[in-house]
Amino acid sequence: MFQRQAGLVALNEFERAVEYIEERSGEGVEQYQSADGQYYQLPWKANPVMIFYNRAMFEEAGLDPDDPPLATYDEFLDTARALVESGVAEAAIWPSPESQFFQSWFDFYPLFAAATGGQQLVEDGQAQFAGEEGIAVGQLWRTIYDEGLAGREAAPGDAFADGQSAMAIVGPWAIAVYDDVDWGAVPVPTPEGMPPEEVYTFSDAKSIGLYSSCENRTTAWEFLQFSTSEENDGLLLEETGQMPMRTDLPGTYPDYFEANPTYEQFADQAARMVEVPNVEGSIEMWQTFRDMWSRAVIFGEEDVETAFQQAAEEINGIIGGGTP
Amino acid sequence: MSAIATSGTTRRPLQRVFGRHPIGALFALPYAIFWVALFAWPLGLAVYMSFYDYFFAAPGAEVERPFVGLANYVQAFGDPSVRRAALNVAIFILINVPLTVALAMVLATALNSAIPFRTFFRAAYYVPYVTASVAMVSVWLWLFSSGGLVNQILGAAAPDPSWLVNSFWAMPIIALFATWKQLGFYVLLYLAALQNIPDTLYEAAMVDGAGVVRRFFAVTVPGVRQATTLVVILATIVGANFFTEPYLLTGGGGPNGASVSPVLLMYQEGIEQGDAGYAAAIGVVLAVVVMAISLTYRFVFEREDA
């Protein structure tokens, strides 16, 4: 949208900018290119979404906190049922059920990315989510809502931090909020289970853009490079625990990961991330998806498969024709 | 104020334009500028935008915004979300306006009589009006969420799904919230109007043997009719613009758009999705409909006055 508004500078106009971006962030960085092949954003930091779980609650519910059964959809459901039935928490997991377009990045999308081995919601102008994998993700969440394992209403605060839910689906930025929780984290579940080192997820990444109103663009670009240098990326990691979009984090900052071993899995996960597709009409597309998700999955008013197929058709029209 | 001085035939040209005291125009100028800058100009711009594929652009950027004629309006009338939002406004107004008038009038009458802790109650009803909506919404979430106070009291009688995620109850709860939040202001309008009813009317009614209820309906209600017209029109205009409630109380117009409002839709389309021309078209339609309803009210109430 910023691009249409002529608000952002294509970074390609700077010397060696493309090399800088691609060398720093490595494989998968092409997800941040716009449709015209230009980089209007410098991928800055990522928050690979994983499943956080409350170790104490798992133990209380008779589940092994060191090896929680959360790898397959069946395991995930059984674990969720055990948690709620044992009464340790009001909900097994409580992603926001609200209607804003971006909320599906924190329920559907990480599981879809994992199930498909890293597919985006749309690719080559076609919706990808109405296939077997996408529908299975929808069915899983539908069961979770139907059985009352997740709240259909927004939690009053942070459900996981407040002890209202035993799991959360979120990136490592939230660790600071979970100070009082003895947590563990695992990759999101896949239909039949996968080794953690193969599981993809949603990046929840943040990029930096350069406004077209900027008068000293070269200086700004130099500052961008300075602030994303190896040293300053290291400072970001140290200060916030957020993952700079840089290749081989554990190898680049071995001291940090030695001191903070719990962060290693996020660094590892950061190597397999899917971004939201960079297409025109993106927000309208996600709002369409979210509205369908709300009807078919959260409130169970429509058949999941039919709803996914209808939304896919609608979204093919949106991204094909741009914003109306 | 003599009849001769107001006669148009003796006025000089300046007076003809600015009245008997041209300096009055100078005094009114700040408000006129305020009105033009914040009401007339944005309204004009919105009408203009609604005929274009308009989107906001970076300062100084040159972008093309093609003229699309009535396309945005055609889209708005065919959009199921807009129809749902229109229905929601209707539900909102049907609950909010009569309830506001009835409660505000009764409360103002009570607060106008000699009751204990009168000042406390007057302030208490006004507090929600001046408190930030966001804070008030938190209180209502605490009351009406699934595990909230209301459901705990109701026990098995609580609706399932709970109030704010129930497609039948979401709008009535929003209307109740807005009524409660705005009530203090309307009570104040009625309190002011009540001061204009001469005590002699009440005394005469008492002499005729009227009780409290009879005096309320025979003296108070007709006595504050002008205030009622104002309250009805204001409540409709303010009500038709509701946004905070569906945005915060029902998580973005949920469940499934059951509480989406036109202004929330405008926000989603214009700001989130960057389609400001379409949002402007929805806004223009809303403004025209609200204006039509307000004029109808005036027509009805003023005819009754005649």
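# Exercises on a predicted two-chain model

Just after helix α5 of chain A, A:Gly148 adopts a positive phi of about 70 degrees. The model is predicted, and the exercises below begin with the helix that precedes this glycine.

## Exercise 1. Helix α5 of chain A

Task: Compare the expected span of helix α5 (residues 132-146) of chain A with the distance between its end C-alpha atoms, and list its buried residues.

Solution.
1. The helix has 15 residues, and its expected span is 1.5 Å times one less than that number.
2. The result is 21 Å, and the end C-alpha atoms are 21 Å apart, so the two values agree.
3. Residues count as buried when 20 or more other C-beta atoms lie within 10 Å of their own.
4. In α5 of chain A, the buried residues are A:Glu133, A:Gly134, A:Val137, A:Gly138, A:Leu140, A:Trp141, A:Arg142 and A:Ile144.
5. An α-helix has 3.6 residues a turn, so residues three or four places apart point the same way.

## Exercise 2. The sheet around strand β1 of chain A

Task: Determine the strand order of the open sheet of three strands in chain A, and identify its edge strands.

Solution.
1. Strand β1 (residues 42-46) pairs with strand β9 (residues 206-208) in the antiparallel sense, over three bridges. Within this pairing, A:Leu42 has A:Ile208 as its bridge partner.
2. Strand β1 also runs antiparallel to strand β10 (residues 243-244), to which two bridges join it. Here A:Ala46 stands opposite A:Met243.
3. The order is therefore β9-β1-β10, with antiparallel pairing.
4. The edge strands are β9 and β10, each of which pairs on one side only.
5. As for burial, five of the five residues of β1 are buried.

## Exercise 3. Domains of chain A and the core

Task: Describe how the two domains of chain A meet, and locate the largest nonpolar core with respect to them.

Solution.
1. Chain A is divided into domain 1 (11-47 + 206-270) and domain 2 (50-202 + 278-321). Their centres, taken over C-alpha atoms, are separated by 27 Å.
2. Domain 1 contributes 14 residues to the contact and domain 2 contributes 12 residues.
3. On the domain 1 side, helix α10 (residues 264-269) gives the most, with four residues. That side comprises five nonpolar, eight polar and one charged residue.
4. The largest nonpolar core has 102 residues, and A:Phe52 and A:Ala92 have the most contacts inside it. Helix α11 (residues 282-298) of chain A supplies its largest share, nine residues.
5. Both domains of chain A give residues to this core, so the core lies between them.
6. Neighbours within four places in sequence aside, A:Ala92 is in contact with A:Ala80, A:Leu83, A:Val84, A:Leu149, A:Ala150, A:Ser165, A:Ala166 and A:Met167.
7. Another core, of 41 residues, lies apart from the largest one; among its members are B:Phe144, B:Trp163, B:Met171 and B:Ala178.

## Exercise 4. Chain B and its contact with chain A

Task: State the domain division of chain B, and characterise the side of chain B that touches chain A.

Solution.
1. The domain assignment gives chain B a domain 1 (8-49) and a domain 2 (71-305). The distance between their centres, over C-alpha atoms, is 32 Å.
2. The contact between the chains takes 28 residues from chain B and 27 residues from chain A.
3. The chain B side divides into 12 nonpolar, 14 polar and two charged residues.

Notes: Residues are numbered from 1 along each chain as its sequence is written. Chains are lettered from A and ligands numbered from 1 in the order in which they are written. This is a predicted model: local features need pLDDT of at least 70, side-chain atom pairs count only at pLDDT 80 or more; totals for chains, interfaces and linings use all residues. A residue is buried if 20 or more other C-beta atoms lie within 10 Å of its own, exposed if 12 or fewer, and partly exposed in between; C-beta atoms are placed from the backbone. Domain bounds come from an automatic or database domain assignment. Two residues are in contact if their C-beta atoms, placed from the backbone, lie within 7 Å. Ala, Val, Leu, Ile, Met, Phe, Trp, Tyr, Cys and Pro count as nonpolar, Asp, Glu, Lys and Arg as charged, and the others, Gly among them, as polar. A nonpolar core is a set of buried Ala, Val, Leu, Ile, Met, Phe, Trp, Tyr and Cys residues joined through C-beta atoms within 7 Å.
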